[in-house]
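Open the model in your viewer and get ready to select residues. We will go stop by stop.

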Amino acid sequence: MNDPILRPSSILADRDNQITPARRKSRRAQHDRCEPVEIVPAVPDRALNAHLWVRHPLDWYVEESWVDHRFFEEEGFEGSICDPACGLGRVVEAARAAGYNDVWGEDLVSRSMFCDRVADFLSDEPPDQTPDNICCNPPFRKSREFVIRAREIARRKVAMILPLSWISGDRRSRWLERTFPRRVLIISPRPSMPPGPVILAGLKARGGRTDFAWYIWERNYVGEPSFGWLRRKR
C-alpha cells in the first residue's frame, strides 16, 4: 500500500506508525496555494520526528518566530519595510509588533494574510512604492540573487537570513567581502527551519542542524562588518 500524499489542504501526519489528522489550519494557513508537497522523511526508514525532510521545490522554509522578533529588537530601521519572500508572514508580523507601521509582504505564492502582493521578486517590476528596507528569509537556491536585487532596490537597509557558513566558505566569503555587509548577527541557539508544509501540518520546529545569521547591508556603507550574537533570550 502506497504512503499517502500529505497536502496542505488536508494534511495527515504519520507519528509512531499511526496516521492521524493534523491540527486544524489557522486563518493564515488557508492562504496557502502552493503545489501539494509530500511531507515524508528524507530517509524512508526514519521517523517523522527525526527532522530530516524532503526539500521543498520552491525552497520555502520557515524560521522560528523568535528569530524575527528578536531581530527587530536588536536592529533599528527608518522608513518602510518589505519582505519579498514573506511565506507565512513572520517577518512582517514581527516588524509590526516592533512598532513599524509601513510594512508589507510579497511572495511568489500567497501563503498567508501577510502577503499583500503576489510577485516574482527577481523578475517582476518593483511596486510603485519603493521600500526603504528589505528584510527576508530568501529561498536558499536564490539567496545570492535576492541579496543583489534587494541591494539594488532598497533605499536604506537590506537584511537577510543566510547560512553562517557564508562567512567561512572561500567562494561566498570573497563575494560577501565585496558587498560590504554592515553587520552580521549570529543566531543562537541554532534555529530549526523546516519546510512550510511541516509547519502547516502542526508539527513542531526543533532540532535544527544548520547555523544561520542575519546579514545586514546599509546603503553607501564601505568597510568591515561588525559581528555579534542574536540570542533567543537577552
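Select helix 3, residues 143-153. Its buried residues are covered by elements that include strand 6 (133-136), strand 7, helix 4 (170-179) and strand 9. Keep in mind that this is a predicted model.

Which residues of helix 3 are buried? Colour S143, F146, V147, R149, A150 and I153. In an α-helix, residues three or four places apart point the same way, because each turn takes 3.6 residues.

**Next stop: strand 4**

Select residues 103-107. This strand is mostly covered, with 5 of its 5 residues buried. Now show the side chains. V103, G105 and D107 point one way. W104 and E106 point the other way.

Which strands pair with strand 4? Add strand 3, residues 81-83. Strand 3 and strand 4 pair in the parallel sense, over 3 bridges. Look for I81, which stands opposite V103. Then add strand 5, residues 115-118. Strand 5 runs parallel to strand 4, and 3 bridges join them. Here D107 has V118 as its bridge partner.

Now add helix 2, residues 90-97. Trace the chain through strand 3, helix 2 and strand 4: together they make a right-handed β-α-β unit.

**Next stop: I81 and the cores**

Go back to I81 and show what surrounds it. Leaving aside neighbours within four places in sequence, I81 is in contact with F72, A95, Y100, D102, V103, W104, N133 and C135.

I81 also belongs to the largest nonpolar core, which has 25 residues. Which members touch the most other members? Select F71, F72, F77, I81, C135, I187 and W214. Several elements give two or more residues to this core: helix 1 (65-74), helix 2, strand 7 (157-163), strand 8 (183-188) and strand 9 (212-218). Apart from this core lies another, of 21 residues. Among them are I134, A150, W166 and A213. You have already coloured A150, as a buried residue of helix 3. In soluble globular proteins, nonpolar side chains tend to be buried together.

**Last stop: K233**

Select K233, in the segment after strand 10 (226-231). Is K233 buried or exposed? K233 counts as exposed because its relative accessible area is 70%, and the cut-off for exposed is over 50%.

Finally, add W66. K233 and W66 are 167 residues apart in sequence. In space, their C-alpha atoms are 9.2 Å apart.

Definitions and conventions:
Residues numbered from 1 in each chain as written. Predicted model: local features only at pLDDT ≥ 70, side-chain atom pairs only at ≥ 80, totals over all residues. Heavy atoms only, no water. Buried < 20%, exposed > 50% of the residue type's maximum accessible area, 1.4 Å probe, protein only. Helix = DSSP H or I, 4+ residues; strand = E, 2+ residues; numbered from the N terminus. Pairing = 2+ DSSP bridges. Right-handed = clockwise from strand over helix to strand, strands pointing away. Core = buried A, V, L, I, M, F, W, Y, C linked by side-chain atoms within 4.5 Å. Contact = heavy atoms within 4.5 Å.
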